[in-house]
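Let's go through some of the labels people put on a structure and ask what earns each one. Here is the model.

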Amino acid sequence: MIRTLTPQIVSKLCEISLNNSKCGGRSGIRWAHRAAVLREAGKPVVLETVKKVEKLKNDEVRVKVHYCSLNTTDVKIIAGKHAELKVPLPFIPGHEFSGEIVDIGKDNPHHFNRGDRVVVMNDLQDPNGGLISEAVVKNRDVWTVPQSVPLREMAVLPYGHGTALLTFALHCNLKENDLVLITAGPAGMGLAAIDLAVSVYKAKVIAVCDTESSSDLVRSKGAHKVVSMTKNNFSKLYKNVQDAMGDKKAKLAYDAVGKGLLHLLTDFVDPTNGQLISVDPFFNASKFASEVPEYERPKRKEKDEKPAEVEGKAKLLQNVRHFDLYEYPDVDTYRQMIADTIEMRSEGMIAGHISKVFPLSKVQQAIEFIQQKQCTGKVLIDVQCPDEEDCADGKDKKDKKPKEGEAKDEEKKKKSKD
């Protein structure tokens, strides 16, 4: 579903008050934060110093950002591939991040406290994203995180796992041993759905991956069978999916990639009781049915089809359902899906997979890493990390191991306290 900007979102541009912007000069604002800023679509993001808005609105929370997930959706917006979104510039990307609360507005319905460890998810078009040392967000988009869950991992869980949970729990009634087709791209939406379907619902997943390296990861996540795409050879992909399915039909096809893949997978979904689901953030329902897919269906298959099969598949394509957790109309359900995701992670039922961590200073390298499809799972930006690469793997700061000399000093201190 393509999001539409509201006047409220556009007006928040002046609250960002980016360096050299026309919104500067407000009283009560001081120079404060480092951020990755997009000033022109298709150009590299740049690190800039931005101003801090001192006074929060009643329903806002200020969060010191520790980690920000760099998603494929962020990268596509940065590259200017979806101009129809009309994302306002200047723009700070990052709609999924974790950190700690440093300030709270007057309204506090979720009983937050300063110092709470939290995860945040906001609109991907909001110009106030998470690639900044401190972010101001609505309290409806903030959840507390238990000490048992690392902030670095929590930053990659809400969107992918939450959307999959919304789909499987409320709209598909997924059950044990149900056969499910899931497409997985270079980032985390499909991988999250596979993790949830296998680990929680005990469903049988046939995964369609765009690279062989991601196929290996999906196998390790418990997929029943894995099919990888080879240089967009869709005829071969169709044959490989056909071999993987045998004479069975899937309960649903869950597509996190787009590119017309649901048109291809329709042949392998139960035409009577099955469903086609898209979680591609750029899915356009009005164009989907008439869009020409990026492949040709095998002509021999078309000749073999019976009229009832053709009609059943046509109905599936007409009734594709699209889910985007952030856009979900019921706020209580939206919040519950993320709360349940956090609980499942705290109980060890699911896990986020981080492909690589980059410091904020290397954010452009992280973008290129995703564009070149080098990632398998989520890419994470360590926002508080200085320029040194070695800090990227160390922080939920408590997890850092002290150096040998420091370890001895710590041991002495401990003994003296005892």
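A salt bridge here is a side-chain nitrogen of Lys or Arg within 4 Å of a carboxyl oxygen of Asp or Glu. This is a predicted model, where local features need pLDDT of at least 70 and side-chain atom pairs count only at pLDDT 80 or more, while totals for chains, interfaces and linings use all residues. Residues are numbered from 1 along each chain as its sequence is written, and side-chain values use heavy atoms, leaving out hydrogens and water.

Q: What makes Lys221 a residue with no salt bridge?
A: The nearest side chain of opposite charge, Asp195, is 4.6 Å away, and the cut-off is 4 Å. Lys counts as positive and Asp as negative (Arg and Glu likewise; His and the chain ends are not counted). Lys221 is nonetheless buried, and buried means under 20% relative accessible area (exposed is over 50%, partly exposed in between, with a 1.4 Å probe and protein chains only).

Q: Which residues does Lys221 touch, sequence neighbours up to four places away aside?
A: Leu191, Ile194, Asp195, Val198, Ala351 and His353, where contact means heavy atoms within 4.5 Å.

Q: Why is Gln125 called buried?
A: Gln125 has a relative accessible area of 1%, and the limit is under 20%, so the label fits. Gln125 sits in the loop between strand 5 (117-121) and strand 6 (134-138); strands are DSSP E runs of at least two residues, helices H or I runs of at least four, numbered from the N terminus.

Q: What makes the largest nonpolar core a core, and which residues have the most contacts inside it?
A: A nonpolar core is a set of buried Ala, Val, Leu, Ile, Met, Phe, Trp, Tyr and Cys residues joined through side-chain atoms within 4.5 Å. The largest one has 55 residues, with Phe168, Ile182 and Tyr254 having the most contacts inside it. Its largest share, seven residues, comes from helix 6 (residues 189-199).

Q: Why is the pair of Phe168 and Tyr201 called edge-to-face?
A: Rings of Phe, Tyr and Trp (its six-membered ring) pair if their centres lie within 6.5 Å; planes under 30 degrees apart are stacked, over 60 edge-to-face, the rest tilted. Phe168 and Tyr201 are 5.9 Å centre to centre with 80 degrees between the planes, so edge-to-face it is. Both Phe168 and Tyr201 are buried.

Q: What makes Phe283 and Phe288 a tilted pair?
A: Their centres are 5.5 Å apart and their planes 45 degrees, which is neither under 30 nor over 60.
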